[in-house]
Amino acid sequence: MHSLPHIVIQSPDPTLLPALRHKIDRKTKPLGALGVLEALALQIGLIQQSLTPSLRRPSLTIFAADHGLARAGVSLYPPEVTPQMVYNFLAGGAATNIFARQHGFALQVVDAGVNADFPSDLPLRHEKLGFGTANALEAPAMSRTQAIQGLETGRRIAHEEVEKGSNVLAFGEMGIGNTSSATLLSHFLADLPIAACTGRGTGLDDAGLARKIATLEAVAARVGPGPHEVIDILAEVGGFEVVMMTGAMLGAAEKGALIVIDGFIASAALLAAMRIAPAVRDYAVFGHRSHEGGHPLLLNHLLATPLLQLDLRLGEGSGAVLAWPLLQAACGFLNEMASFEEAGVSGEAAQ
Ligand SMILES: O=C(O)c1ccc[n+]([C@@H]2O[C@H](COP(=O)([O-])O)[C@@H](O)[C@H]2O)c1
Ligand SMILES: Cc1cc2nc[nH]c2cc1C
């Protein structure tokens with residue numbers, strides 16, 4: 001039987017922290033005046049173990065998959081949209097394509113388990129774990145073996161991106177029904193109440209939201225209160241794209257790359273990854289705060305400071321890619337901004 005891969009992730013060595021702090025504090029600005037950008041520069045410097053970090057070949061990988069639970073009416077849109085959006089990504093017409101082009105991201109799309117037969121010659125990475133997950137109301141979304149295979153595949157994909165020269169990896173997803181998986185992961189892995197962290201996803205109305213909450217509570221009752229191993233929770237509530245994204249985050253951190261987290265689903269994948277190797281958190285930055293109901297709660301749980309707050313609720317990695325100029329700004333000021341000494345500006349406070 002497959003077993004959970006042994007993944008060792010080290011937190012970045014903190015020895016460089018005082019030198020990084022000193023370099024930031026000698027820049028021509030009041031102490032702390034660059035706020036969150038200072039924290040970002042510190043984090044990137046530590047991850048790269050460098051006082052002059054650089055961001056190379058930003059990459060976005062979108063994992064797509066279908067959800068059996070979508071048949072229970074938990075989304076406003078039909079599951080057919082998942083394969084249709086895959087074609088849209090491949091044609092370059094989705095929002096995330098535009099933002100990725102704008103910011104020079106290398107983009108790849110992975111079929112993690114879409115319920116469609118894609119021609120083998122499409123420029124799509126074929127890593128299908130199944131034709132959509134099982135309906136989690138009735139049975140585990142996937143087997144433990146599929147979950148482990150998904151983790152391993154995601155991990156390999158991230159390693160390959162690093163081998164191609166990337167040190168910034170953003171991950172996105174597409175999967176009708178996947179805010180339900182993310183809600184259930186938040187419930188089981190962060191102890192968040194289902195009613196509080198269920199959101200409208202693609203745009204459910206009040207009645208739809210009430211139906212979704214009742215459905216997710218029924219799934220949670222079938223799974224039972226635990227304790228559960230993280231791999232079993234991933235298998236119980238899915239989805240294929242979420243397990244692959246979890247593996248990819250672990251793979252990116254193993255290689256010392258910066259991970260850019262998108263919205264609610266990506267944050268739930270990180271939550272799962274942290275249960276496998278807690279230090280993965282040290283490599284993550286949070287692109288934005290999604291408009292999806294549970295995301296602020298999950299971000300609080302993760303002690304995360306999202307960089308943008310644009311009321312996005314799209315997924316596809318869009319909120320991660322949009323945060324790119326802020327990552328560049330953090331490295332830019334650390335590398336290029338004059339110090340008090342260089343600029344002949346007095347660095348002493350008057351009182
Ligand atoms: O990233 C987010 O925070 C986010 C919030 C709401 C919806 N989405 C996207 O919408 C789809 C899931 O919504 P739903 O209603 O089908 O569960 C999926 O394709 C996600 O990429 C994404
Ligand atoms: C059209 C559409 C595009 C998406 N992109 C990510 N999730 C999505 C859901 C829908 C419905």
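**Entry 1: ground rule and helix H9**

A helix here is a DSSP run of H or I with at least four residues, numbered from the N terminus. I'm working on a predicted model, and I began with helix H9, residues 230-237. I checked what comes right after H9 and found Gly238, with a positive phi of about 70 degrees.

Next I asked how many of the eight residues of H9 are buried. Six are, so H9 is largely enclosed by the rest of the structure. The cut-off I used for buried is 20 or more other C-beta atoms within 10 Å. I noted the buried ones as Ile231, Ile233, Leu234, Ala235, Glu236 and Val237. The cover over them includes helices H5 (144-163), H6 (178-190), H8 (206-223), H10 (240-254) and H11 (264-276).

**Entry 2: H5 against H9**

I picked H5 out of that cover and looked at how it packs on H9. The axes are 9 Å apart and cross at about 105 degrees. Angles of 65 to 115 degrees count as roughly perpendicular, and H5 and H9 are therefore roughly perpendicular to each other. From the H5 side I listed Arg144, Ala147 and Ile148; they meet Ile231, Asp232, Leu234 and Ala235 of H9. The H5 contact with H9 comes out as five nonpolar, no polar and two charged residues.

**Entry 3: the sheet**

I traced the strands next. Six of them make an open sheet, ordered S3-S2-S1-S4-S5-S6, and the pairing is parallel. Which strands sit at the edges? S3 (125-126) and S6 (284-286) do, each pairing on one side only.

I then zoomed in on S5, residues 258-261. Three bridges tie S5 to S4, and three join S5 to S6; S5 runs parallel to S4 and parallel to S6. On the S4 side, I found Leu169 bridged to Ile259 in S5. Toward S6, Val260 has Val285 as its bridge partner, and Ile261 stands opposite Phe286.

I also checked whether the faces of S5 are buried or exposed. Both faces are covered: Leu258 and Val260 on one side, Ile259 and Ile261 on the other, all buried. That fits the textbook pattern, in which side chains of a regular strand alternate between the two faces of the sheet.

**Entry 4: around the two ligands**

For ligand 1, I got 24 surrounding residues, the closest being Ser75, Gly201, Gly263, Ser290 and Gly315. Strand S4 (168-174), H6 and H11 are the elements that give two or more residues to this shell. H6 supplies the largest share, three residues. I sorted the shell around ligand 1 by class and got seven nonpolar, twelve polar and five charged residues.

Around ligand 2, I wrote down Tyr77, Val81, Met85, Met174, Thr202, Leu314, Gly315 and Glu316. The class split for ligand 2 is five nonpolar, two polar and one charged. I flagged Gly315, which is among the closest residues to ligand 1 and is also in the list for ligand 2.

**Entry 5: Ala190**

Last, I looked up Ala190, which is in helix H6. With 19 other C-beta atoms within 10 Å, Ala190 is partly exposed; buried would need 20 or more. Which residues does Ala190 touch, leaving out those up to four places away in sequence? I found Leu271, Leu298 and His301. I also noted Leu302, which is 112 residues from Ala190 in sequence but 9.0 Å away in space, C-alpha to C-alpha.

Notes
Residues are numbered from 1 along each chain as its sequence is written. Chains are lettered from A and ligands numbered from 1 in the order in which they are written. This is a predicted model: local features need pLDDT of at least 70, side-chain atom pairs count only at pLDDT 80 or more; totals for chains, interfaces and linings use all residues. A residue is buried if 20 or more other C-beta atoms lie within 10 Å of its own, exposed if 12 or fewer, and partly exposed in between; C-beta atoms are placed from the backbone. Two residues are in contact if their C-beta atoms, placed from the backbone, lie within 7 Å. A residue is near a molecule or strand if its C-beta atom, placed from the backbone, lies within 6 Å of it. Ala, Val, Leu, Ile, Met, Phe, Trp, Tyr, Cys and Pro count as nonpolar, Asp, Glu, Lys and Arg as charged, and the others, Gly among them, as polar. Two strands pair if DSSP finds at least two bridges between them. Axes are lines fitted to C-alpha atoms, for helices over the stretch in contact, and angles run from 0 to 180 degrees between N-to-C directions. Angles under 35 degrees count as roughly parallel, over 145 as roughly antiparallel, 65 to 115 as roughly perpendicular and the rest as oblique.
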